[in-house]
Amino acid sequence: RSKSPPPPEEEPPEGEEDETLVILDTYTSDLQFRASRDRYGGQPLFSERFPGLWAGARSTHGVTRGRVCFQAKVSQNLPGKEGSSEVPLLRVGWSVDFSHSQLGEDEFSYGFDGRGLKVENGKFEEFGESFGENDVIGCFADFEGAELVELSFSKNGQELGAAFRIAKDALQERALLPHVLCKGCAVELNFGQRPEPLAPVPEGFVFIHEVPAPERVRTPPGPKSTEECEVLLMVGLPGSGKTQWAQKHSQENRDKRYNILGTERVLHQLRTRGPEPEEELDAKSRELLTQQAAQCLSKLVQIAPRARRNFILDQVPGRARDPGKNSLENWPRNLGKPGQRSRETSPEIWENPSQNPRKRPQKTPGKPPKKSLETPQKPPSQNPLSRSQNPRSRSQNPRSRSQNPLGGQRRGYDSRIYGGQQQPQYWGQPGNRGGYRNFYERYRGYDDRFYGRDYDYNRYRDYYRQYNREWQNYYQDRDRYYRNYYGYQGYR
């Protein structure tokens with residue numbers, strides 16, 4: 001069978017930009033961050049449905065020396081969900097390569113929050129003043145100090161002072177990259193590509209785009225095609241350590257820059273943190289937030305095939321009665337169902353009866369085997385009121401299926417399966433047409449062959465795989481038909 005057509009790629013295409021330009025890097029950005037066509041701005045996806053979802057992105061180049069700056073402007077606040085209490089926020093600053101997209105929430109990540117806060121390594125402190133729509137924030141990095149790197153900010157041209165001082169020995173020649181993190185708002189960036197700055201800049205600072213190309217540090221580019229990307233699917237029982245393994249594997253293979261798609265990561269991006277301790281949610285609020293994270297994850301999984309990235313799917317869909325509902329094409333739909341839990345089992349569980357309450361009991365030597373729960377089939381009773389001799393039986397009724405009401409002969413079951421007109425009894429005699437007896441013996445043979453054996457896991461597993469494969473082929477053919485006939489291209 002031919003493969004389904006790949007989903008259309010997002011614009012602008014990745015990996016085809018000029019390497020000398022300083023723009024937003026879509027390879028290291030959040031999957032829910034939609035960059036503008038010129039890659040000098042962007043906004044979060046699904047802001048109307050998930051107004052509390054953060055989305056971040058870094059630039060393609062960083063700096064290690066000089067006095068460098070860039071500007072960020074809150075171009076507009078996006079319309080939110082009706083009745084939502086989420087407030088649009090922008091967090092802007094600097095971070096190093098391989099840091100998390102949540103600006104300021106890990107080491108060597110420094111941000112200025114729209115609530116008038118500065119954040120470093122997850123610690124929030126009061127700084128400057130709040131800002132919002134149409135405000136321009138200037139970000140400045142001064143590497144000319146002898147031992148310290150000073151990071152400062154400004155609002156609409158007014159300097160707010162130094163926010164962070166970093167020891168050069170701790171930074172260890174790591175390049176600082178411009179970083180933005182937004183929620184419910186669109187951001188516009190000025191790396192120096194504009195003829196005039198968005199706001200006045202202090203004397204002595206130059207925009208990062210004006211720094212000579214040899215003095216800038218370029219982050220590694222992403223794969224040139226989707227064929228070069230990797231997708232790892234985590235499979236295991238709940239609580240078996242899938243998320244910990246995915247995080248460890250991602251840290252050990254930083255050069256591949258895995259994007260972990262899981263509910264835990266989305267939950268972290270849906271929570272707004274601040275200087276106050278996090279309030280523990282009640283059971284109802286926690287359940288609603290988990291359902292929202294599952295629905296958001298299903299959307300991310302749908303747009304993931306269009307991105308040239310490496311992914312780790314850290315969410316196993318719930319097992320359904322119909323194998324077709326568990327196919328990869330319906331996997332995002334299963335994630336969005338509330339209360340859906342994974343019940344997939346591994347073959348190793350059948351080796352440990354204590355972990356599997358459904359395992360069939362083993363026969364104990366020296367004791368007679370337990371009687372099977374299957375009830376053996378018995379031939380029809382030969383009592384005087386059997387169906388063949390009952391005066392009310394259809395065979396004695398002139399309007400039976402073998403007789404036409406108008407008197408003509410009909411080809412009913414009396415003349416084919418059950419022995420014909422010469423053998424009206426249902427038990428019949430074995431002959432060319434078979435009779436009920438042959439059908440009964442065939443059924444008994446099938447019954448003994450299928451149910452008379454001990455449970456064989458491998459045989460039933462192969463049967464299930466073949467059955468599941470047929471359903472997957474059916475859904476692929478169905479989706480291919482809708483794409484060709486209706487022009488269906490999936491979620492945009």
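## Val187 and its surroundings

In this predicted model, Val187 is buried, with a relative accessibility of 4%. A residue counts as buried when its relative accessible area is under 20%, so the value of 4% places Val187 in that class. The residue belongs to strand E15.

Leaving aside residues up to four places away in sequence, Val187 touches Gly41, Gly42, Ala72, Lys73, Ser75 and Leu90. Across the pairing with strand E6, Val187 in E15 stands opposite Val74. A further spatial relation concerns Asn134: its C-alpha atom is separated from that of Val187 by 9.5 Å, with the two positions 53 residues apart along the chain.

## Pairings of strand E6

Strand E6 comprises residues 67-77. With E15, strand E6 pairs in the antiparallel sense over six bridges. With strand E11 (residues 136-142), the pairing of E6 is again antiparallel and extends over seven bridges. Here Arg67 stands opposite Asp142 in E11.

The pairing of E6 with E16 is parallel and consists of two bridges. In this pairing Cys69 stands opposite Phe207 in E16.

## The seven-stranded sheet

Seven strands form an open sheet in the order E1-E4-E14-E7-E8-E9-E10, with antiparallel pairing. Strand E1 (24-25) and strand E10 (123-126) occupy the edges; each has a single partner strand, so one side of each lacks a neighbour in the sheet.

At the E10 edge, the pairing with strand E9 (residues 117-120) is antiparallel and comprises four bridges. Val119 stands opposite Phe124 in E10.

## Aromatic pairs and the aromatic cluster

The whole structure holds 12 aromatic pairs. One of them joins Tyr40 and Phe191 in an edge-to-face arrangement, at 6.3 Å centre to centre and with 65° between the planes. Tyr40 lies in the loop between strand E2 (33-35) and strand E3 (41-44), whereas Phe191 lies in the loop between strand E15 (185-190) and strand E16 (206-207); the pair therefore ties together parts that are 151 residues apart in sequence. Both Tyr40 and Phe191 are buried.

Phe70 and Trp94 form another edge-to-face pair, at 5.1 Å centre to centre and with 80° between the planes. This pair links distant parts of the chain, for Phe70 is in strand E6 and Trp94 is in strand E7 (residues 89-95), 24 residues apart. Phe70 is buried, at 0% relative accessibility. Trp94 is likewise buried, and its relative accessible area is 0%. Elsewhere, Tyr110, Phe112, Phe127, Phe131, Phe153 and Phe164 make up one aromatic cluster.

## Charged groups over rings

A member of that cluster, Phe164, has Lys118 over its face, at 5.7 Å from the ring centre. A second arrangement of this kind involves Arg91, whose charged end sits over the ring of Trp54, 5.0 Å from its centre.

## Helix H2

Helix H2 spans residues 242-252, and its buried residues are Lys242, Ala246, His249 and Ser250. Seen down the axis of H2, these buried residues fall within an arc of 100°, so they line one face of the helix. On the other side of H2, the residues Gln244, Lys248 and Glu252 are exposed.

The cover over the buried residues of H2 includes three strands: E18 (231-233), E19 (258-261) and E20 (310-313).

## The chain as a whole

The chain contains seven helices and 20 strands. Of its 492 residues, 39% are buried. Among contacts in the chain with a separation of 6 or more, residues 24 or more positions apart account for 65%.

The accessible surface of the chain comes to about 30000 Å², and carbon and sulfur atoms contribute 47% of that area.

Definitions and conventions:
Residues numbered from 1 in each chain as written. Predicted model: local features only at pLDDT ≥ 70, side-chain atom pairs only at ≥ 80, totals over all residues. Heavy atoms only, no water. Buried < 20%, exposed > 50% of the residue type's maximum accessible area, 1.4 Å probe, protein only. Arc of directions from axis to C-beta. Contact = heavy atoms within 4.5 Å. Phe/Tyr/Trp six-rings, centres within 6.5 Å; stacked < 30°, edge-to-face > 60°. Lys NZ or Arg CZ within 6 Å of the ring centre and 35° of its normal. Areas by Shrake-Rupley, 256 points an atom, 1.4 Å probe, with all protein chains shown as cover. Pairing = 2+ DSSP bridges.
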